[in-house]
Amino acid sequence: MIAVTGATGHLGQLVIDELITRGVPAGEIVAAVRSPEKAAGLAERGVQVRRADYNEPESLAAALAGAEKVLLISGSEVGQRVPQHRNVIEAAKAAGVRLLAYTGILNADVTETRLADEHKATEAIIRESGVPFAFLRNAFYFEVYSANFPAALEHGALVDAVGDAQLSVATRSDFAAAAAVVLTTEGHENKVYELGGEPAFTMAELAAELTRQSGRTVVYNNLTVPEYAGFLASVGLPQVIADIFADASGGASRGDGFTNSGDLSRLLGRPTTPLADAVAAALKDLG
Ligand code: NAP
């Protein structure tokens, strides 16, 4: 049995789709979710839906019972994730799982960004637990950037603080497919994967591609980290989160968002989704 936490999230849903596509019977998949009412569609497809709140160890013990492999999808409550993830790791250990895969952050060994702190702490707890692991250190999602396309098209600018750094951005569906490969094939115990799209691109190149495909001029407006934190707060993020995200962009400007490991395409057994295709799909979704 394969359990996926956070299975009602964007990444989790894609992972479950990929597991089914790869031939795992739905009944052999556990969707471990905080809100079972959001998982009615999964239950209809025959997936076992079990309540699993990262804050409630008893729910995690029940949800992971009988699981052979677990994918811990990092939580979304920045600042609370270390104790939450520890609860999942302890439940996975108690369940005797033979692989615990964890979606971390690219270059976790070297990055000094605040966003990475909880991922580094989680990886350390997993190593200490003795449970066989696979670290899926995901680069930034393409969707983090495409979420800004409507504003970029309206105002003619993409805004960030990454300078001219190369970004190994990949689509969520590529990251999900790689996670499904790790969960359904052997030989991943105690492996660390630095997962990123190839080729990497700069924000200026992303703006140029958006311009080319939309027919509207979009430039890249590079801010300093403090300016970008102010910008993110001005568009609605809580200041503390805006500061952490802007700090992450500062890290990316120093190379933290880049990898040439080749791990993602190697796991997928195909090239990662090209930038042009990802931009086209995002524009199609905008209608
Ligand atoms: P998402 O759509 O926000 O999904 C997060 C999932 O975590 C949701 O299913 C949510 O449950 C679940 N969750 C949050 N707190 C929980 C708790 N206390 N107990 C149980 N489940 C909990 O995010 P995503 O796009 O799928 O991304 C997955 C993770 O990757 C994020 O959580 C974040 O750690 C990280 N991330 C990475 C990037 C990147 O660019 N690499 C960008 C954004 C996020 P509900 O469905 O009930 O809300």
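At 38% relative accessibility, glutamate 68 counts as partly exposed, a class lying between buried (under 20% relative accessible area) and exposed (over 50%), with a 1.4 Å probe and protein chains only. This is a predicted model, in which local features need pLDDT of at least 70 and side-chain atom pairs pLDDT 80 or more, while totals for chains, interfaces and linings use all residues. Residues are numbered from 1 along each chain as its sequence is written, and side-chain values use heavy atoms, without hydrogens or water.

Glutamate 68 forms a salt bridge with arginine 98 at 2.8 Å, N to O; the term denotes a side-chain nitrogen of Lys or Arg within 4 Å of a carboxyl oxygen of Asp or Glu. Because glutamate 68 lies in the loop between helix H3 (57–64) and strand E4 (69–72), and arginine 98 in the loop between helix H4 (81–95) and strand E5 (99–105), the pair ties together parts 30 residues apart in sequence. Helices (H or I, at least four residues) and strands (E, at least two) are DSSP runs numbered from the N terminus. Arginine 98 is partly exposed, at 33% relative accessibility.

A second site centres on arginine 137, which is buried with a relative accessible area of 0%. Its side chain meets that of glutamate 194 in a salt bridge (2.8 Å, N to O). This pair links strand E8 (residues 191–195), which holds glutamate 194, to strand E6, which holds arginine 137, 57 residues apart. Glutamate 194 is likewise buried, at 13%. Arginine 137 also forms a salt bridge with aspartate 109, with the closest N and O atoms 3.0 Å apart.

Across the protein there are 13 helices and nine strands, and buried residues make up 52% of the 287 residues.
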